[in-house]
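Q: Hi, I have just opened this one and do not know my way around yet. Could you take me through it step by step?

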Amino acid sequence: MSGERKTGAPAEAAAERSLPSSSSSSLSPVVEARDVLVRYAGSPSPALDGISLSVSPGSVYALLGRNGAGKSSLVRCLLGQQKPTAGACLLFGGDAWKRRASLMSRVGVVPEDPDAPPAMTARQLSAFSAKLYPVWDAPSVEARLARFGVPAGTPFGSLSKGQRALVALSLALASSPELLVLDDPTLGLDAVARRAFFEELVGELADRGTTVFFTSHDLAGVERMATRVAFLTGGRLVLDEDLETLKARFRRLRYANEATEERSEFGQELAAFDAVRVKVRGWGVEAVVSNYGDEAFARFSSLEGVVDAESSALSLEEIFLAVAGEASPGRNA
Amino acid sequence: MSRSLTVDPSDAVPLWKQIEGNVRRLVASGALRPGAAVPSVRDLARELSINPATVAKGYQRLVDAGILSVRRGEGTFVAERPPAPPRGEREKELEGGAMRYAALAVTLGVANEEAVERVKGSLGFLRRKRHGGTE
């Protein structure tokens with residue numbers, strides 16, 4: 001496999017560079033989904049319905065969605081574990097399904113529920129994995145486990161959930177991956193393990209600038225790490241945007257609304273902000289808007305009938321709720 | 001100093017801008033003196049549990065503005081003579097800050113005299129602190 005990578009990857013990279021679409025090779029995406037459709041036999045609606053996305057080098061891309069939204073299907077397709085019904089997933093410009101073996105040697109994966117033979121210790125797992133990758137830094141595994149306080153000589157089956165996640169991260173980083181795929185890595189972890197996981201991830205980002213694709217229920221963690229966020233609902237991407245622009249355009253507005261002769265209908269004045277949720281309460285109106293601007297807000301505040309208008313920031317969790325509706329992704333984990 | 005360098009990820013202000021603003025304030029108030037070392041990008045990112053690229057972006061803006069300087073192999077420091085912000089930016093910042101404070105005072109129903117006295121008090125406090133700090 002390592003031989004295949006050494007000869008295959010540069011040839012393909014060169015071919016990619018000659019394509020007119022990728023004018024700058026340094027900016028060509030690390031991960032790409034092109035019109036991915038996944039349909040399972042016996043299911044009336046597709047699990048993934050025309051997903052297109054692109055993860056640029058050095059970014060930290062977070063895919064959010066409730067259980068059943070299609071996250072697992074998408075991750076399997078991106079990792080070449082599943083062939084899309086239509087469309088394609090690409091890793092480093094190569095087809096993830098057709099060239100899985102060579103492409104995956106450049107990817108580190110922390111699965112949602114890390115699985116390994118229960119009798120094997122982390123040290124044995126490291127020695128075993130070393131044979132599968134062209135590069136393997138075994139001392140880094142020992143060093144990380146020591147930092148985490150996870151015993152390298154204890155059978156995997158006897159470790160706690162948090163310890164297993166930290167073993168999986170140590171193994172994923174040992175191959176010096178260009179891409180790190182984390183499938184809800186902190187789900188079910190206690191605060192100490194979660195903190196350790198994020199600290200190590202931050203160190204990796206600082207030292208190597210690794211591109212990260214992750215799914216998560218932990219929106220507070222996403223808010224601290226992600227550069228780009230996508231929401232998956234019912235097999236479709238309802239949002240795919242830089243976190244900074246997303247947070248700039250979503251706001252909560254609160255104001256008292258006085259009926260006047262010209263304007264008796266509530267809520268119309270919000271049109272300029274593209275309101276996504278409007279609630280009329282006893283004291284006035286509370287709305288979540290998706291197109292906030294300071295100037296528009298100043299005009300809005302001076303409208304006749306709009307009293308005591310105030311705007312406040314929304315957390316990513318609140319934005320997710322407003323866009324994806326009902327329960328938050330954390331609540332039916 | 002990093003204890004006062006906190007960020008609020010749920011705020012609408014981007015994290016890199018919060019870092020930039022906080023360092024500017026710490027330098028302006030004298031809490032961070034000229035020549036003082038600031039935490040490395042890696043250390044601050046780990047401490048705050050945020051993406052190091054975010055910290056780097058905030059630091060880069062401060063370096064570009066001449067407030068921080070990077071000494072290769074040594075680390076990042078507050079510049080020996082941090083410049084006053086450019087005229088236009090200074091005006092904008094001052095006006096924006098005054099407007100925010102005025103809005104707060106009006107919302108809380110504070111009389112003009114009291115509002116002005118408070119500002120004078122805060123100014124006095126900061127200047128004493130800064131002066132005392134350099135002695």
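A: Gladly, and one term will help before we begin: two strands are said to pair if DSSP finds at least two bridges between them. Please also keep in mind that this is a predicted model.

Q: Okay, then how many bridges join S12(A) to strand S13 of chain A?

A: Six bridges join S12(A) to strand S13, residues 284–289 of chain A, and the two strands run antiparallel. To pick out one position in this pairing, you can look at Val280(A), whose bridge partner in S13(A) is Val285(A).

Q: And what sheet do those strands belong to, in which order?

A: They belong to an open sheet of four strands in chain A, with the order S12-S13-S11-S14 and antiparallel pairing. Its edge strands are S12 (275–281) and S14 (306–313) of chain A, each of which pairs on one side only. From one strand to the next, the twist averages 15°.

Q: What holds strands of a sheet together in general?

A: As a general point, strands of a sheet pair through backbone hydrogen bonds, and they do so either parallel or antiparallel.

Q: Let me go back towards the start of chain A. Which strands does S1(A) pair with?

A: Strand S1 of chain A, residues 31–38, pairs with strand S2, residues 48–55 of chain A, in the antiparallel sense over six bridges. S1(A) also pairs with strand S4, residues 86–91 of chain A, again in the antiparallel sense, over five bridges. For a position to look at in each pairing, Glu32(A) has Ser54(A) as its bridge partner in S2(A), while Arg34(A) has Ala88(A) as its bridge partner in S4(A).

Q: Now helices. Where do H4 and H5 of chain A meet, and at what angle do they cross?

A: The axes of H4 (residues 122–130) and H5 (residues 138–148) of chain A come within 10 Å and cross at roughly 155°. Since angles over 145 degrees count as roughly antiparallel, H4(A) is therefore roughly antiparallel to H5(A). H4(A) passes H5(A) in a right-handed crossing. On the H4(A) side the residues are Ala122(A), Ser126(A) and Ala130(A), and they meet Ala138(A), Val141(A) and Leu145(A) in H5(A). By class, the residues of this contact are five nonpolar, one polar and no charged.

Q: What about H6 and H7 of chain A, are they roughly parallel or antiparallel?

A: The axes of H6 (residues 161–174) and H7 (residues 191–208) of chain A come within 9 Å and cross at roughly 10°, and H6(A) and H7(A) are therefore roughly parallel to each other. Among the residues that meet there are Leu166(A) and Leu169(A) from H6(A), with Phe197(A) and Glu200(A) from H7(A). The residues of this contact divide into seven nonpolar, one polar and two charged.

Q: Switching to chain B, how many of its residues are in contact with chain A?

A: In chain B, 14 residues are in contact with 18 residues of chain A. The elements giving two or more residues to that side of chain B are helix H2 (41–48) and helix H3 (52–64) of chain B, and H2(B) gives the most, with four residues. By class, the side of chain B that touches chain A has eight nonpolar, three polar and three charged residues.

Q: Last thing: what domains is chain B divided into?

A: Chain B is divided into domain 1 (2–78) and domain 2 (87–134), and the C-alpha centres of these two domains of chain B lie 24 Å apart.

How values were computed: Residues numbered from 1 in each chain as written. Chains lettered and ligands numbered in written order. Predicted model: local features only at pLDDT ≥ 70, side-chain atom pairs only at ≥ 80, totals over all residues. Contact = placed C-beta atoms within 7 Å. Nonpolar A, V, L, I, M, F, W, Y, C, P; charged D, E, K, R; others polar. Axes fitted to C-alpha atoms, helices over the stretch in contact; angles between N-to-C directions. Parallel < 35°, antiparallel > 145°, perpendicular 65-115°, else oblique. Left-handed = near helix turned anticlockwise from the far one by under 90°. Domains from an automatic or database assignment.
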